[in-house]
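These are my notebook entries on a structure I had not looked at before. I went through it one element at a time and wrote down what I looked up.

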Amino acid sequence: MPVTETTPLPGGTPRFAVPGRIAVSEQAEATWQTATLTEIRRETPHAATFRLAVPRWVGHLPGQHLMLRLTAGDGYTAQRHYSIASAPDDSGHIELTLDRVPDGEVSGWFHTVARPGDTIDVRGPLSGFFAWPGDRPALLLGAGSGVVPLMSMIRHHRARGLDVPLRMLVSARSPEELIYAAELGAETTPVFTRSAPAGVPVGRVTAAHLAPLLAERPPGGWEAYVCGSNGFAEHVSRLLVRAGQPADRIRIERFG
């Protein structure tokens with residue numbers, strides 16, 4: 001579940017400002033509509049992508065998310081926020097990539113019960129804070145399923161042939177757990193925390209990983225987008241600030 005917010009750093013660092021918040025449609029935020037599951041693609045042993053047909057989808061920006069609602073036969077409902085993985089297009093489809101969460105009601109249903117043809121209620125897109133319209137250099141930093149909204153940005157960048165600088169650093173436990181591994185290109189630097197290919201160091205993201213990306217600083221600087229667990233977001237945000245990235249140009253979406 002994504003939580004997008006301004007985030008305080010320990011030690012009295014001021015709260016991050018909210019730069020360039022993008023307005024979203026109040027009607028889209030409030031209106032539930034029926035989506036039909038059309039395809040399921042396995043990404044890793046614990047993550048899969050679910051393609052949904054949403055005929056009345058109003059479109060979205062990379063980095064936005066939606067609210068999803070499942071309703072049981074007895075009327076019980078479960079709702080969750082999920083980031084949108086697909087780039088904006090006019091196909092009437094969107095994609096969500098979900099990790100299987102232990103004891104997760106919604107992710108568990110998707111991974112064990114859902115089949116093409118099933119219907120789900122959705123509303124959105126939601127939140128303009130973490131959105132990237134493709135108009136500014138973007139430095140993307142994600143861990144685990146935190147790569148999902150960042151992948152929407154990369155897909156958008158490629159689909160539109162944008163020449164604005166875009167770089168991504170993504171952390172995963174192992175190559176097998178790296179979501180979208182086959183799609184990642186030269187813009188992406190992977191970091192592995194548990195196991196890695198021969199000759200590749202293992203460990204969490206460090207200042208040394210960020211240094212070459214920050215050294216590529218384009219005119220006007222980077223807009224940093226950080227997405228992952230609370231611990232990852234706080235750790236990487238500290239590294240960015242210490243390396244000179246302005247705190248008011250760090251956007252954070254935390255999962256938890």
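**Entry 1: strand β4 and its partners**

I began with Met67, and I found that it stands opposite His81 in β5. The model I am reading is a predicted one, and I keep that in mind for every entry below. Strand β4 covers residues 65–71, strand β5 covers residues 77–83, and the two run antiparallel with seven bridges joining them. Between these two strands of the hairpin I counted five residues, and among them I noted Gly75, which takes a positive phi near 95°.

I then looked for a second partner of β4 and found strand β7, residues 119–126, which pairs with β4 in the antiparallel sense over four bridges. Leu68 has Val122 in β7 as its bridge partner.

Is β4 largely enclosed or not, and why? Five of its seven residues are buried, so I wrote down that β4 is largely enclosed by the rest of the structure.

**Entry 2: the chain overall**

I stepped back to look at the protein in general. Its secondary structure comes to five helices and twelve strands, and of its 256 residues 50% count as buried. I also looked up how contacts are spread along the sequence: among those between residues at least 6 apart, 69% join residues at least 24 apart. The accessible surface comes to about 11400 Å², and carbon and sulfur atoms hold 52% of that surface.

**Entry 3: strand β8**

Next I turned to strand β8, residues 138–143, where six of the six residues are buried, so this strand too is largely enclosed by the rest of the structure. I checked which way its residues point: Ala138, Leu140 and Gly142 go one way, Leu139, Leu141 and Ala143 go the other way, and all are buried.

Which strands does β8 pair with in the parallel sense? One is β9, residues 166–172, over six bridges, and another is β11, residues 223–229, over five bridges. Leu139 takes part in both pairings, for I found it opposite Arg167 in β9, while its bridge partner in β11 is Ala224. I also noted that β8, helix α3 (residues 147–159) and β9 together make a right-handed β-α-β unit.

**Entry 4: the largest pocket**

I looked for open space next, bearing in mind that rolling a probe the size of a water molecule over the atoms shows where empty space is left. The largest pocket has a volume of about 840 Å³. Its lining is made of 33 residues, and those that lie nearest the centre are Asp99, Ala143, Gly144, Ser145 and Arg173. Ala143, then, is one of the residues nearest the pocket's centre, and I had already met it as a buried residue of β8.

Which elements each supply at least two residues of the lining? I wrote down β5, β6 (93–99), α2 (105–112), β9 and β11.

Since α2 is on that list, I looked at its own residues and found Val106, Ser107, Gly108, Phe110 and His111 buried. The cover over these buried residues includes β2 (33–44), β3 (47–53), β4, β5, β6 and β7.

**Entry 5: three single residues**

I closed with three residues, taken one by one.

Ser171 is found in strand β9, and it is buried, with a relative accessible area of 8%. Setting aside residues up to four places away in sequence, I found that Ser171 touches Gly142, Ala143, Gly144, Val191, Thr193, Val205 and Phe232.

Ser174 lies in the loop between β9 and β10 (188–192). Is Ser174 buried or exposed? Its relative accessible area is 9%, and because buried means under 20%, I entered Ser174 as buried. Apart from its neighbours within four places in sequence, Ser174 is in contact with Phe192 and Ser195.

Thr97 is found in strand β6, and it is buried, with a relative accessible area of 7%. Outside the residues up to four places away in sequence, Thr97 touches Glu43, Ala47, Ala48, Thr49, Ala85, Val148, Ile179 and Tyr180. I also looked up how far Thr97 is from Ser145: they are 48 residues apart in sequence, and 7.8 Å apart in space from C-alpha to C-alpha. Ser145 is also one of the residues that lie nearest the centre of the largest pocket.

Technical notes: Residues are numbered from 1 along each chain as its sequence is written. This is a predicted model: local features need pLDDT of at least 70, side-chain atom pairs count only at pLDDT 80 or more; totals for chains, interfaces and linings use all residues. Side-chain values use heavy atoms; hydrogens and water are left out. Buried means under 20% relative accessible area, exposed over 50%, partly exposed in between (1.4 Å probe, protein chains only). Two strands pair if DSSP finds at least two bridges between them. Contact means heavy atoms within 4.5 Å. Accessible areas come from the Shrake-Rupley method with a 1.4 Å probe; for residues, only the protein chains shown count as cover. A crossover is right-handed if, with the strands pointing away from the viewer, the path from the first strand over the helix to the second runs clockwise. On a 1 Å grid over the protein atoms alone, a cavity is a set of points where a 1.4 Å probe fits but cannot get out, and a pocket is an open set with protein on both sides within 12 Å along at least five of seven lines; lining residues have an atom within 4 Å of a point. Grid points are joined across faces, edges and corners, and a volume is the space filled by probe spheres set on the points.
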